[in-house]
Amino acid sequence: LGYVWYYEKYIDYGNVQMRALCVDKLGRMKSESSVPKLITLLDENEPEIVSVAVRSLSKIGGRAALQAIVERLPVILDRSIVTRKAMGMALQAFGADAIPYLVEQKSGLDNLWITSCILDILSRLPADPRSVRLASRHLSSMNAEVRSKALKVVGRVENVRAVHNLP
């Protein structure tokens with residue numbers, strides 16, 4: 001695939017396609033040393049760069065990458081449909097490790113759209129009592145989208161079993 005330094009050199013320069021290619025290569029190489037540089041790309045204005053950075057960070061993994069993505073969740077979700085899809089797929093790639101970050105992120109937000117997106121992502125992650133607890137608080141939401149996503153989380157077979165173990 002090449003040398004990390006070469007691809008890192010070009011993630012800030014050139015046209016969007018070249019930059020996106022370099023960011024993708026760093027993710028495919030699972031370059032842990034590139035995580036700080038890739039995190040800075042999450043604040044870019046170009047949706048393609050943000051999407052590829054999110055995907056690359058999810059391929060590399062790690063707490064810093066996960067935390068950076070979740071911290072920027074509202075902005076990334078609002079940016080474009082492309083970044084929305086990339087966000088959902090990336091957080092799924094982190095698996096159960098993403099659950100506490102998503103549940104914690106939700107506690108500080110009042111945005112129904114963000115709540116809906118978080119619940120949708122949680123519905124595709126492994127069963128967890130924290131997800132069920134969050135979803136159960138939104139089953140009576142006035143927003144139909146939020147209610148349907150909450151039902152999706154609670155309605156999974158594994159989560160139905162988890163509901164019985166909630167305090």
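# A walk through an all-helix model

You're looking at a predicted model, and the protein chain averages a pLDDT of 86, with 90% of the residues scoring at least 70. Colour the chain by confidence to begin. The low end is helix α12, residues 157-163, with a mean of 58. For the high end, select helix α3, residues 35-40, where the mean is 96.

**Stop 1: the whole chain**

Switch to a cartoon view. How many helices and how many strands does the protein chain have? The tally is 12 helices and 0 strands. Follow the chain from the N terminus and the elements read α-α-α-α-α-α-α-α-α-α-α-α. Of the 167 residues here, 48% are buried. Now think about who touches whom: among contacts with a separation of 6 or more, 63% link residues that are 24 or more positions apart.

**Stop 2: two helices side by side**

Select residues 47-60, which form helix α4, and residues 81-94, which form helix α7. Their axes are 8 Å apart and the packing angle is about 5°. Angles under 35 degrees count as roughly parallel, so α4 and α7 earn that description.

Now show the side chains where they meet. From α4, the contact uses Pro 47, Val 50, Ser 51, Val 54, Arg 55, Leu 57 and Ser 58. From α7, look for Val 82, Thr 83, Ala 86, Met 87, Ala 90, Ala 93 and Phe 94. Try colouring this contact by residue type: you should get 10 nonpolar, 3 polar and 1 charged.

**Stop 3: Val 54**

Stay in helix α4 and pick Val 54. Is Val 54 buried or exposed? With a relative accessible area of 0%, Val 54 is buried. Leaving aside neighbours within four places in sequence, Val 54 is in contact with Leu 42, Ile 69, Ile 76, Ala 86, Met 87 and Ala 90. Take Ile 76 and draw a distance line: Val 54 and Ile 76 are 22 residues apart in sequence, and their C-alpha atoms are 9.5 Å apart in space.

**Stop 4: into the core**

Next comes the largest nonpolar core, which has 49 residues. Select Leu 91, Leu 102 and Leu 122, the residues with the most contacts inside this core. Which helix gives the core its largest share? That would be α4, with 7 residues.

Zoom in on Leu 102. Beyond neighbours within four places in sequence, Leu 102 is in contact with Val 70, Leu 73, Leu 91, Ile 118, Ile 121, Leu 122 and Leu 125.

From that list, hop to Leu 73, which is in helix α6, residues 73-79. Leu 73 is buried too, at a relative accessible area of 0%. Apart from neighbours within four places in sequence, Leu 73 is in contact with Met 87, Leu 91, Leu 102, Gln 105, Ile 114 and Ile 118. While you're there, check the C-alpha atoms of Leu 73 and Arg 84: the two residues are 11 apart along the chain, and the gap is 9.2 Å.

**Stop 5: two buried residues with charged side chains**

Lysine and arginine count as charged, so it's worth checking how covered a couple of them are. Select Lys 149 in helix α11, residues 144-155. Buried means under 20% relative accessible area, so Lys 149, at 16%, is buried. Setting aside neighbours within four places in sequence, Lys 149 is in contact with Ser 116, Leu 119 and Asp 120. Its C-alpha sits 8.7 Å from that of Ile 118, although Lys 149 and Ile 118 are 31 residues apart along the chain.

Then jump to Arg 19 in helix α2. Arg 19 also counts as buried, at 10% relative accessibility. Which residues are in contact with Arg 19, beyond neighbours within four places in sequence? Show Tyr 10, Ile 11, Asp 12, Tyr 13, Gly 14, Leu 41, Glu 44 and Ile 49. For one more distance line, join the C-alpha atoms of Arg 19 and Glu 8, which are 11 residues apart along the chain and separated by 9.3 Å.

**Stop 6: a positive phi**

Finish in the loop between α2, residues 16-28, and α3, where you'll find Lys 30. Most residues other than glycine have a negative phi. Lys 30 isn't glycine, yet its phi is positive, near 50°.

Methods:
Residues numbered from 1 in each chain as written. Predicted model: local features only at pLDDT ≥ 70, side-chain atom pairs only at ≥ 80, totals over all residues. Heavy atoms only, no water. pLDDT = per-residue confidence, 0-100. Helix = DSSP H or I, 4+ residues; strand = E, 2+ residues; numbered from the N terminus. Axes fitted to C-alpha atoms, helices over the stretch in contact; angles between N-to-C directions. Parallel < 35°, antiparallel > 145°, perpendicular 65-115°, else oblique. Contact = heavy atoms within 4.5 Å. Core = buried A, V, L, I, M, F, W, Y, C linked by side-chain atoms within 4.5 Å. Buried < 20%, exposed > 50% of the residue type's maximum accessible area, 1.4 Å probe, protein only.
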